[in-house]
Amino acid sequence: MTQATVSAGDTAWVLVSSAFVLLMTVGLAFFYGGLVRPKNALNTMMMSVVALGVVGVQWMLVGYSIAFSPGNSWLGGLSWLGLNNVGLDPNPTYSATIPLQAHAMFQGMFAIITPALISGAIVERMRFRGYVVFLVLWATLIYDPLAHWVWGSGGWLLKRGALDFAGGTVVHISAGVSALVAAWFLGPRRDYRRVPIAPHNVPLVLLGAGLLWFGWFGFNAGSALAANGLAALAFVNTNTAAAGALVTWAALDLARTGKITAVGAATGLVVGLVGITPAAGYVTPMSGLFIGILAAGVSYTAIQIRSRTKLDDALDVFSCHGMAGIAGALLTGVFATKVVNPAGGDGLLAGNAAQIGVQLLAILATVAVAALGTLGILALIQVTIGARADVPEESTGLDLSQHGEEAYFGTDLGGLAGTGASLGGSVVVEHFSVEAPPTPAPEPAV
């Protein structure tokens, strides 16, 4: 194969899409950072930013080889370590029109943002050094094998016919389930349910959500790996699902509380983006709208249920990414049609009910490896260098205790951090708008 087979248009689109997905991680930093208290804002943002470096290096050295190099049904081989043998010519296994290095970088941006998503469940209470080790181990032991199963040459879920256009299982379900396990393993924050914990900067949340929506066009439409009609379909479905979910979330908020909140609108659009991710290149735009609406309903309900438990999934990563990812993966098995993508598959409504079973198999496999792998990684970190911040570190705030810096040096935002931000009689707690619960008397620290 010669360099002449490379398409300039396709290559340009994939490179730009790679940059879009990188920007998503920056958007995630703003999104998560605005949702926490001032004393932890910098640390929360760094949990996303550090992934750009740590996982970026891991992907180049070992990750891409494990995920995509020739191997067996379970793992890629080691022939592409350090991007050895990954050149500027296309590899027809993945794309006949873009350099293999472009494919490596595009997929690398997915590998970066996925473990960063998990951080939203464990903010304000995990030691940063333990988190960095977690990033490396999770990317290597969980993300890379999953990517091979679903997208890699010979992957066993790929051979079973699992449909995941841009990462419903590989990215969102794996991150959401891992977030749930991590939140349970680390336990709640010391003052969880003792005082309302409010987002300290809602404009940052909106900025982050906007950057995520923008970058998601590269995430989904870029997964066509070409500047073609399939990319256009994924682009339209991405916008349609996000818009539908935003409207649905706002309507649910209005019906339940009488108000439409900014945090709710931001959360809704992200949930729609999550839901459409596995289906973006396999369904019609009308189906994309239904998927966005249904994903919003599933996640909104999951948040209400979680809020009544003792689980401190701080920013509701499982409800928003895990549950919306599961809904999207299953709905792909309902709405997929070869009419829009002959290389994809038919779902239930196109006469192939068996596709739902294949999608369910992919979901269960992802849940199992993410849950067990995360539990093992965190247990190892806890008994070696420590995962959970101690009482003084958490009380001081992780900005100072972990980084020696402050997000708002010399600015007194303590009132907002300690009592919650009142919005017409409600308090924005964590990721959604709820009526303020009675605040029990503080318990002595133990």
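Before I start, a word on terms: when I sort residues, Ala, Val, Leu, Ile, Met, Phe, Trp, Tyr, Cys and Pro count as nonpolar, Asp, Glu, Lys and Arg as charged, and the others, Gly among them, as polar. Please also keep in mind that what you see above is a predicted model.

Let me begin with the largest pocket, whose lining divides into 16 nonpolar residues, 9 polar ones and 1 charged. The space in this pocket comes to about 580 Å³, and of the 26 residues that line it, those closest to its centre are Trp151, Phe165, Ser223, Leu225 and Tyr282. Helix 3, residues 100–122, and helix 4 each contribute at least two residues to the lining, and the largest share, 4 residues, belongs to helix 3.

Helix 4, which covers residues 128–151, also packs with helix 6, residues 168–186, their axes coming within 10 Å and crossing at roughly 145°, and this crossing is right-handed. Here Trp151, named a moment ago for the pocket, returns, since among the helix 4 residues that meet helix 6 are Trp138, Tyr143 and Trp151, while the helix 6 side includes Thr169, Val170 and Ser178. The residues of this contact divide into 9 nonpolar, 3 polar and no charged.

Finally, towards the start of the chain, helix 1, residues 8–35, packs with helix 2, residues 41–68, at an angle of about 165°, with the axes 8 Å apart. Because angles over 145 degrees count as roughly antiparallel, helix 1 is described as roughly antiparallel to helix 2. The crossing of these two helices is right-handed, and the residues in contact include Leu22, Phe30 and Gly33 from helix 1 and Ala41, Met45 and Leu52 from helix 2.

Methods. Residues numbered from 1 in each chain as written. Predicted model: local features only at pLDDT ≥ 70, side-chain atom pairs only at ≥ 80, totals over all residues. Heavy atoms only, no water. Axes fitted to C-alpha atoms, helices over the stretch in contact; angles between N-to-C directions. Left-handed = near helix turned anticlockwise from the far one by under 90°. Contact = heavy atoms within 4.5 Å. 1 Å grid on protein atoms, 1.4 Å probe; cavity = no way out; pocket = protein on both sides within 12 Å on 5 of 7 lines; lining within 4 Å. Points joined across faces, edges and corners; volume = space filled by probe spheres on them. Parallel < 35°, antiparallel > 145°, perpendicular 65-115°, else oblique.
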